Amino acid sequence: MMGAEIAHACAVAGLDIKLLDTSVDKANRGKTHCQDLLASDVKRGHIPHETAEASLQKLSPTTDFSDLADVQLVIEAVDEDRETKVDVTHKAESVVKPTTVFASNTSTIPITSLANTSRRPENFVGLHFFSPVHRMALVEIILGEKTSDSCLALAMDFASFIGKTPIVVNDGRGFYTSRVFGTYVQEGMAMLAEGISPALIENAGRLAGMPVGPLAVADEVSLQLIHRVSLQTKADLGNAYVDPPGAQVIDRMVTKLGRLGKKDGKGFYDYPSDKDKLLWLLLPTHFAQKPTKEQPCAEWVKKRLLYIQAVEAVRCLDENVVTSPADADIGSVLGWGFAPHTGGVISMVDTIGSSEFVAECDQMAQQVGKRFAPSEGLRERAQNNRLFHDSTLSAA
């Protein structure tokens, strides 16, 4: 589906696309998904019918890698499995031109580690799209250690050409967006494991300004995919791997209960065909809830869901994964819909005040866990009362 949605964005922009999959049926299903999206574009008045028809003609389903021989850019959007990604990289690189750029849409696997298996690591880059592609404005461009300037330039031109806003980040597991956004989902599952009411978790997420609650987001992303990512991360890190908050929840949902997410019609929510989704009625049976009088207030849950994202975003700045507060804010609002009224994940810290933010995070770290502990860089900033976005203007 992700590959098909990227293809749709390219087709609307007027590019010729080869949509390659493992079977003719799957490739054709990808084109059908594009056709459905184009029909929706016409119905909403975004494009005329003639443009939709012309865009669909730009898309050619195939199963033959040799059809990629003349393309300028290959975007890999297969499962989060290293071996599969390496396999399709080798097959594509065996037929494309030496100047062709190869981009991975991986959301977590470090780009450098994938590029190291490439014939031309200087032409290898990360292009991380967000689902649903036709609604999300951001593309996160991830630089590998050997990514060339010309490769980066093509990636940025491509993102702009298809109407997306690019931010450029440095390599690291989860990069910037997946790493920070993942904390929102993980914190929601951690609260479920603690016995906090799923309805309270979900409503607090929306009240905090997030588009949907963390459990609904997990369903949208796919519980199965989240589980696969954790397995791949564990395989990559070995003894250094540490289970994220709520790991036992996702493992139980997928391996024990067979609840794989929205695409399978059942996750934290049920998805009846004749009405809106609703929280799975048996969640309290499998994840025991605290008595009503012991449930936290909504304000505390809201802060917990927002603050954990901010703490991780600051760490990404400290580590130079994301290189500026502005990119961090743009990435958070356009990439995963972080509470827009805050101005972005870093602007929120400036608005609260770094001293107050650090004090509240220290309190949460004592109550919930050390993941809320502010970084040394943030503590130093709080001590000196420094803003991330320095508004001081100088005049000549």
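In this predicted model, a cavity is a set of grid points where a 1.4 Å probe fits but cannot get out, and its lining residues have an atom within 4 Å of a point.

**Exercise 1.** Determine which residues line the largest cavity and how the lining divides by class.

*Solution.*
1. The structure contains 1 cavity of 30 Å³ or more.
2. The volume of the largest cavity is about 50 Å³.
3. Its lining is formed by Val74, Glu93, Val96, Thr100, Val101, Phe102, Ser118, Arg120 and Asn123.
4. Sorted by class, this lining comprises 4 nonpolar, 3 polar and 2 charged residues.

**Exercise 2.** Establish the strand order of the open sheet of 5 strands, and explain why one side of E3 and of E7 is left without a neighbour.

*Solution.*
1. The strands follow the order E3-E4-E5-E6-E7, and the pairing is mixed.
2. Strand E3 (73-76) and strand E7 (165-170) stand at the edges with a single partner strand each, so one side of each has no neighbour in the sheet.
3. On average, neighbouring strands of this sheet are turned by 30° against each other, direction ignored.
4. Strand E6 (residues 138-143) pairs with E7 in the parallel sense over 6 bridges.
5. Glutamate 140 has isoleucine 167 in E7 as its bridge partner.

**Exercise 3.** Identify the residues closest to the centre of the second largest pocket and the helices that contribute to its lining.

*Solution.*
1. This pocket has a volume of about 260 Å³.
2. Among its 14 lining residues, His8, Asp41, His46, His134 and Arg135 are the closest to the centre.
3. Helix H1 (2-12) and helix H2 (24-43) each contribute at least two lining residues.
4. The lining consists of 6 nonpolar, 4 polar and 4 charged residues.

Methods
Residues are numbered from 1 along each chain as its sequence is written. This is a predicted model: local features need pLDDT of at least 70, side-chain atom pairs count only at pLDDT 80 or more; totals for chains, interfaces and linings use all residues. Side-chain values use heavy atoms; hydrogens and water are left out. On a 1 Å grid over the protein atoms alone, a cavity is a set of points where a 1.4 Å probe fits but cannot get out, and a pocket is an open set with protein on both sides within 12 Å along at least five of seven lines; lining residues have an atom within 4 Å of a point. Grid points are joined across faces, edges and corners, and a volume is the space filled by probe spheres set on the points. Ala, Val, Leu, Ile, Met, Phe, Trp, Tyr, Cys and Pro count as nonpolar, Asp, Glu, Lys and Arg as charged, and the others, Gly among them, as polar. Two strands pair if DSSP finds at least two bridges between them. Helices (H or I, at least four residues) and strands (E, at least two) are DSSP runs, numbered from the N terminus. Axes are lines fitted to C-alpha atoms, for helices over the stretch in contact, and angles run from 0 to 180 degrees between N-to-C directions.
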